[in-house]
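Let's take a friendly walk through this protein together. Please have the sequence and the 3D view open as you read.

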Amino acid sequence: MAAGRAIKMTEFASRIRDIRLSEIRKMFEVAGEDTINLGIGEPDFNVPEHVREALKGAVDEGLTHYTSNRGMDELREAISEKLKTENRVHVEPESIIVTVGASEAIFMCTQALLDRGDHALIPDPGFLSYDACVKLAEAISVPVPLSMEDEFSMTPERVESLITDNTGVIIMNSPSNPTGSVMGKDDIKGVAEIAEDRDLIIISDEIYEKIIYDGKHYSPARFTDNALVINGFSKTYAMTGLRIGYVAGREDIIEELLKVHQYNTACAPSVSQVAALAALRGPQDCVNEMVEEFRRRRDLMFRSLHEMGLECMLPGGAFYMFPHVGDSRGFTENALDAGVAVVPGSAFGRAGSDYVRMSYATSYELIEEAMARLKTVCGV
């Protein structure tokens, strides 16, 4: 650079000024070599054998080219059948888009359904992508405060109280990240009826659908056409790195979502689509075995936290524990000093500021050791 030449500062778009990088990812950066990471939000299992074989076969057969924008016909047919038989949600293959994970589906929905200044109701505490995607659409997040007293469930009464003329969408997530709560049928149906009456769209993130220990999963799309189902294969089949998911819903909405998808990613990876098809149509024993192991780990962590005197709800699904610790920042720092990485609850919204998120998507033995280390933090 020439001497004395002024450096021009780049001006970035206003829509990204308030976007923070994930605090979950920060935990990976600060964790030491001997730190036990309870911040990880992905199963520690391998991709099922039949899925791996399908993946290798797709590469060997040269199935490495573009698919249609919506995704492979056979995969969308399998997803449509799955929704009908398992969820009682009737969506034709033409009303399904295969996406680059559930993350792209959330981004697509907020981009297509929210205008500048629109309001989106989001769970608080809730997955941090919801707020970021709403802001990237230049819309406004309206937190729906959830509490342990209500088992962190998004009740129809609370949702109704926050709706205004500016409300465009309601984002739901059951089973929940970060709390592990599972909404009951009455609450799901109640919110669906509100969406119907108010002509609002529900964006329903159902990525943890299969990881349920107590209760049953219900999709709001069972009770209203004003709901978009977002799901995928990352959590159920430990396929996080294959980046494959889908969104299903009303044909008129899907047509608009396709515009975002087409110019953003064109199509989901072809080999991952083949793997997803194998996952849906293959044996499901691997899922049941994984869920039972998660249940065993959940019970260990829940028991240990109570022995430390920490108040915590027994999660009905997903693989997260959300104990009340008071000063979440201080607890997180002290836990890290003790060799355990957790995520401060404030990362998931203001209502989570007195909590921390712990993932039990790691081995039973490591959880035992992590709990032993945390006892020193709690003075036990």
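Is the crossing of α2 and α9 left-handed or right-handed? In this predicted model, the two helices cross in a right-handed way. Two packed helices are described by the angle between their axes and the distance between the axes. Here, α2 (residues 49-60) and α9 (residues 270-281) pack at an angle of about 145 degrees, and their axes lie 8 Å apart. To find the contact in your viewer, select H50, V51, A54, L55, A58 and V59 on the α2 side; their partners in α9 are V271, S272, V274, A275, A278 and A279. Sorted by class, this contact of α2 with α9 holds ten nonpolar and two polar residues, with no charged ones.

Now for the aromatic rings, of which the structure holds 13 pairs. One of them is F45 with F294: the ring centres are 5.4 Å apart and the planes stand at 85 degrees, so this pair counts as edge-to-face. F45 sits in the loop between β1 (36-37) and α2, while F294 belongs to helix α10 (residues 285-307). With their positions 249 residues apart in the numbering, the pair links distant parts of the chain.

Next, look for empty space. Rolling a probe the size of a water molecule over the atoms shows where empty space is left. The second largest pocket has about 580 Å³ of space. It is lined by 22 residues, and the closest to its centre are R20, D131, K135, A347 and G349. Three elements give two or more residues to this lining: β3 (119-124), α5 (128-136) and β4 (140-145). Of these, α5 provides the largest share, with four residues. The lining of this pocket is mixed in class, with ten nonpolar, five polar and seven charged residues.

Finally, turn to the cavities; the structure holds two of 30 Å³ or more. The largest has a volume of about 70 Å³, and its lining includes P123, P125, L146, F152 and M183. By class, that lining divides into seven nonpolar and five polar residues, and no charged ones. The second largest cavity has a volume of about 30 Å³. Among the residues that line it are I188, D205, E206, H217 and Y218, and β5 (167-173) and β6 (201-205) each supply at least two residues. This lining divides into four nonpolar, four polar and two charged residues. As a last stop, pick out M172 and N173, which line the largest cavity and also line the second largest cavity.

Notes. Residues numbered from 1 in each chain as written. Predicted model: local features only at pLDDT ≥ 70, side-chain atom pairs only at ≥ 80, totals over all residues. Heavy atoms only, no water. Axes fitted to C-alpha atoms, helices over the stretch in contact; angles between N-to-C directions. Left-handed = near helix turned anticlockwise from the far one by under 90°. Contact = heavy atoms within 4.5 Å. Nonpolar A, V, L, I, M, F, W, Y, C, P; charged D, E, K, R; others polar. 1 Å grid on protein atoms, 1.4 Å probe; cavity = no way out; pocket = protein on both sides within 12 Å on 5 of 7 lines; lining within 4 Å. Points joined across faces, edges and corners; volume = space filled by probe spheres on them. Phe/Tyr/Trp six-rings, centres within 6.5 Å; stacked < 30°, edge-to-face > 60°.
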